[in-house]
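Work through the exercises below with the structure open. Each task is followed by its solution.

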Amino acid sequence: MDYFIELFLSGLTRGSIYALIALGYTMVYGIIGLINFAHGEIYMIGAFTSFIVATTLSIYGFPLAAIVVVAGVAAAIWSSAYGYTVEKIAYKPLRHAPRLAPLISAIGMSILLQNYVLLAQTSDFLAFPALIPEFAFMEPVAHIIGSSDLVILITTAVVMLALTLFIKFTRIGKAMRATAQDRTMALLVGINVDRVISATFILGSALAAIGGLLIASHIGQINFAIGFIAGIKAFTAAVLGGIGSIPGAVLGSLVLGLTESFATGYVSSDYEDVFAFSLLVLILIFKPSGLLGKADTKKV
Amino acid sequence: MMMTVKEIKKSLLVSLWFVFLTFPIMVIKVNPIERTVTWRWSNVLYVAVGSFVISLLAKAWLVRKARAAGRQQAACQARASILQELLHRPGYRYPLIIMFSGLALAFPHLFSTYQANIMTTALMYIVLGLGLNIVVGVAGLLDLGYVAFYAIGAYSYALLNLNFHLGFWAALPIGGLLAALFGLLLGFPVLRLRGDYLAIVTLGFGEIIRLVLENWNAFSKGPSGISNIPRPGFFGLEMSLDHAMIYMYYLMIGLVLLTVFVVNRLQHSRLGRAWLALREDEIACQAMGIDKTRIKLTAFALGAFWAGLVGVIFAAKTTFVNPASFTFLESAIILAIVVLGGMGSIVGVICSALILTLLPEYLRALSEYRMLAFGAILVAMMIFKPEGLIAAVRRTYRFHERKSVAALQDDE
Amino acid sequence: MKSTMRINFLVTAAAVVLAMMLPGTGMAGDTIKLGVAGAHSGDLASYGLPTVNAAKLVVAEVNAKGGVNGKKVELLIEDDTCKPEVATNIATKLVSQGVDVVLGHICSGATKSALPIYKAAGVILISPSATSPELTQSGEYPNFFRTIAPDNMQAKPEVEFALNVLGVKKIAVIHDKGDYGKGVAELAKGFIEKSGKGEVVLFEGVTPGAVDYSAIVQKIKQSQADAVIFGGYHPEASKIVSMMRKKRMNIAFLSDDGVKDDTFIKVAGKDAEGVYATGPKNNSKNPLSQAAVAAHKQAYNGDPGAFYESAYAASLAILNAIGKAGSTERAAVTKALQTERVDTPVGTINFDALGDAVGVGFAMYQVKNGQFIEVK
């Protein structure tokens with residue numbers, strides 16, 4: 001039973017990590033229907049920015065609390081700036097282009113950003129400073145769940161809640177929902193759609209940056225290529241939950257994380273990804289638009 | 001070229017923005033172990049100047065494009081590309097075809113083995129592009145796991161040769177047919193899925209195939225791969241390495257011609273028109289009485305078939321296969337070939353396959369900036385040519401009254 | 001009218017492109033061309049780029065002293081991204097550029113696919129990092145040499161150390177599903193089973209680059225292993241070790257040359273303490289090794305990465321052999337590599353008939369106070 005609980009908790013952590021990245025995917029998809037393959041790179045840039053800022057500050061002798069706050073804010077600001085710029089350069093000119101054109105420019109952007117960080121920084125793995133301290137009160141259960149797992153779980157829950165409230169109640173959130181529903185109609189009722197799209201990219205990138213900071217701190221290392229696998233997994237999770245749906249992205253991420261964890265625990269980690277993708281195929285066969293996605297019925 | 005002060009100011013703002021954007025990553029370099037920080041201020045200057053120039057160039061291009069668009073609208077809307085125009089002009093058509101085929105045939109003798117070798121790779125990607133074009137370009141089914149079929153072809157030759165000492169020529173059709181079979185297998189469960197859901201399932205399928213090859217040692221020898229796969233024979237003739245490569249090149253030329261012929265015939269067949277209908281509007285297509293299941297499955301199977309063939313050739317060419325060659329990035333590049341070429345356009349796919357496979361090779365001069373440039377060029381090409389290099393020209397069917405009346409009379 | 005102009009333009013453009021594609025011929029043959037091939041971009045770039053740095057430094061030093069046999073050494077650096085198909089392309093490219101010897105490739109897979117091409121052209125290959133036993137032990141590639149030990153040289157001491165010195169009985173063997181990692185892990189598993197002294201309680205691969213390894217760590221705990229033998233590189237090793245220590249598991253962790261890298265200690269920090277790894281003997285006290293690392297720090301303002309010393313040694317060895325042989329002719333260089341001993345950062349070495357380095361002694365190291373200390 002202990003083993004089951006341990007696997008369950010590690011699955012939850014893994015799922016929460018995916019969720020922080022998947023939220024950005026799903027928001028962008030909901031609004032402009034684009035699979036933003038460069039989103040994984042934005043997450044990587046968030047992790048790198050927080051690494052650079054945190055290490056610099058710690059070299060100049062700032063206290064840990066200040067480092068965490070400043071690194072987090074800096075990562076969010078710069079990731080958002082990258083997200084915003086990527087949208088303006090690679091996707092905005094293609095808004096009326098054939099459906100697959102932005103997908104290819106997204107793949108190009110992903111290659112570009114990866115190599116940019118490789119050249120500007122280093123190809124090597126870097127030690128990420130431990131921004132999440134080991135809490136004393138966690139010591140009795142440390143063999144089951146670590147402090148960083150706890151912080152990740154809480155952050156994901158808080159972020160999801162805040163995001164849901166934001167989308168539900170703020171002006172820009174309402175505008176986002178309107179744009180997601182019908183872009184032309186939103187334009188007609190006077191919503192500045194360009195600004196809504198920018199806001200979506202900024203918000204999604206900021207979430208990815210927070211994810212970058214937490215995950216890098218959790219696993220203790222970064223390099224320029226970490227965005228790719230995380231991005232693919234988060235994308236899978238978003239689709240599993242029903243792409244475009246925010247609770248769906250979180251649910252899909254948790255299901256994916258738990259599946260991988262139990263597959264490793266009870267079968268073999270050799271095939272954890274095979275299990276994850278097979279589950280995806282199975283779920284989509286029975287629910288073709290994901291767990292919480294709206295069925296896409298087309299009326300003629 | 002008119003550059004107003006306003007535009008220059010705007011470009012200055014852009015360059016300021018990029019200085020801010022790239023600040024942490026370009027300027028600061030930290031060493032967490034020795035606890036030192038290096039501030040590379042000179043990079044600020046490079047970024048500022050670079051982004052300023054690029055922004056001015058992009059603006060100038062946009063102005064020109066807007067003007068050209070204004071002029072064009074007055075003239076004519078849709079124009080065929082230069083190449084298609086050329087091919088349809090009797091005066092140019094045959095000399096052009098003769099020139100191209102002459103060049104293709106003489107290529108390995110004009111250039112070094114290296115050039116012939118990368119050209120063979122480019123030809124392989126042409127066939128892969130044309131195969132995926134059936135699925136994505138013509139039938140409109142977004143497939144992100146095309147590389148799986150390529151892997152199946154490659155491994156079927158490698159394994160058949162390893163276990164049963166089957167030769168290249170025997171393995172070639174088997175590889176193609178096996179891939180087509182897997183195409184059908186993938187096709188069945190995803191029949192109900194649409195658009196991007198289909199994309200992720202195909203991506204998952206591609207990954208599953210790669211992971212199985214990686215983990216199932218007893219079957220595929222795992223990540224260490226299978227080496228010493230023989231090159232194709234030519235009636236039992238012993239060949240030196242150079243000759244074998246040139247032979248491979250001609251083999252690929254032959255396969256490309258065959259593919260172009262078959263794909264071209266397919267596109268204009270009853271099946272091809274059904275695929276186009278499926279791409280344009282699934283519901284209308286069904287309402288027209290087209291059997292959606294059947295044509296979707298044939299699209300998957302026929303697309304996969306070519307990938308299987310090229311897979312066998314891949315195994316023979318590199319004489320070594322391991323799962324690392326069949327990653328998602330490979331699928332993405334093949335997809336980029338189709339989209340950049342102009343969905344559904346055969347000439348376009350050929351051009352973009354040549355560009356996208358030869359470009360990284362010729363960019364080698366840029367050494368470490370190679371992949372950076374490749375990513376940037378991919379983005380730039382999509383922005384400047386979103387509908388693809390050469391848009392597919394729909395065949396138009398004209399109603400010739402006199403002829404059909406005659407035909408009717410004949411029937412009577 | 002207009003389209004005729006466009007057509008003329010197209011024809012001119014085609015002619016220009018064709019002219020550009022003509023091979024650059026007639027280059028003077030009075031340099032020694034040293035090819036450097038490996039992954040310089042993509043996710044494996046961190047294993048390939050240090051070799052480029054090593055080659056650049058060695059060649060700069062050699063050229064400053066007047067070159068080899070009175071000829072300057074010229075570098076031809078090519079990126080194979082560790083993909084077999086790209087490796088064959090750049091092998092033909094290097095051969096058509098008239099390369100004399102090649103330092104590389106980095107990955108065993110890429111090396112296997114490129115070797116037949118070099119073999120046909122009579123080009124010698126010396127790799128700093130391709131460890132697949134097949135490359136030398138199959139005897140099929142007489143033109144292949146390496147300054148790194150094959151996988152079986154590493155797996156055996158690891159297993160013997162675990163069973164005989166540490167005295168553990170239950171061992172979990174974990175790998176990174178890669179060419180190198182899985183190779184070492186399988187050999188280790190075989191040695192354990194053959195010895196009859198211990199048992200393999202778990203044999204599994206982890207996905208490199210995954211965001212979290214807690215599930216596999218729980219599974220290791222569940223298997224009640226007394227020790228973990230890990231086959232693979234340091235990024236995964238440090239993630240697994242850190243996770244084990246986080247879960248308060250203090251069982252022994254043994255690994256291979258891919259982990260015996262200073263980056264491992266830097267990244268894993270205090271969690272690295274007590275980890276065992278096999279690696280070439282007494283590097284840190286070797287003055288050549290110290291000089292090589294210092295040169296890197298001076299030139300690139302940072303620490304060298306994976307396989308740097310091995311690549312440095314390979315460059316020295318091959319250039320020395322060319323010097324001793326007096327030419328770049330294959331048979332002469334092969335003989336010189338086999339008979340002439342040369343001082344390198346990894347020890348004083350020459351090569352056996354199969355191409356493996358002799359004199360690269362292997363030792364077991366343990367991390368103590370942030371350094372790899374040889375275990376006597």
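**Exercise 1.** In this predicted model, which strands does helix α7 of chain C lie across, and at about what angle does the helix run to β6(C)?

Solution. Start with the helix: α7 of chain C covers residues 179–195. Next, list what it crosses: β6 (170–175), β7 and β8 (227–231) of chain C. Then take the angle: α7(C) runs at about 160° to β6(C).

**Exercise 2.** Give the strand order of the 7-stranded open sheet in chain C, and name its edge strands.

Solution. Trace the sheet across: the order is β7-β6-β8-β9-β10-β14-β15. The pairing is mixed. Now look for strands that pair on one side only: these are β7 and β15 (371–374) of chain C, the edges. Last, the twist: neighbouring strands are turned by 30° against each other on average, direction ignored.

**Exercise 3.** How many bridges join β10 to β14 in chain C, and which residue stands opposite G279(C)?

Solution. Locate the strands: β10(C) spans residues 276–280 and β14(C) spans 362–368. They run antiparallel, joined by 5 bridges. Then find the partner: G279(C) faces A363(C) in β14(C).

**Exercise 4.** Describe the contact between chains C and A, and say which element of chain C gives the most residues to its side.

Solution. Count each side: chain C supplies 32 residues and chain A supplies 37. Elements of chain C giving two or more residues are α2 (45–64), β7 (199–205), α8 (214–222), α9 (234–246) and α10 (262–268). α8(C) gives the most, with 6 residues. Finally, sort chain C's side by type: 9 nonpolar, 14 polar and 9 charged.

Notes:
Residues are numbered from 1 along each chain as its sequence is written. Chains are lettered from A and ligands numbered from 1 in the order in which they are written. This is a predicted model: local features need pLDDT of at least 70, side-chain atom pairs count only at pLDDT 80 or more; totals for chains, interfaces and linings use all residues. Two residues are in contact if their C-beta atoms, placed from the backbone, lie within 7 Å. Helices (H or I, at least four residues) and strands (E, at least two) are DSSP runs, numbered from the N terminus. Ala, Val, Leu, Ile, Met, Phe, Trp, Tyr, Cys and Pro count as nonpolar, Asp, Glu, Lys and Arg as charged, and the others, Gly among them, as polar. Two strands pair if DSSP finds at least two bridges between them. Axes are lines fitted to C-alpha atoms, for helices over the stretch in contact, and angles run from 0 to 180 degrees between N-to-C directions.
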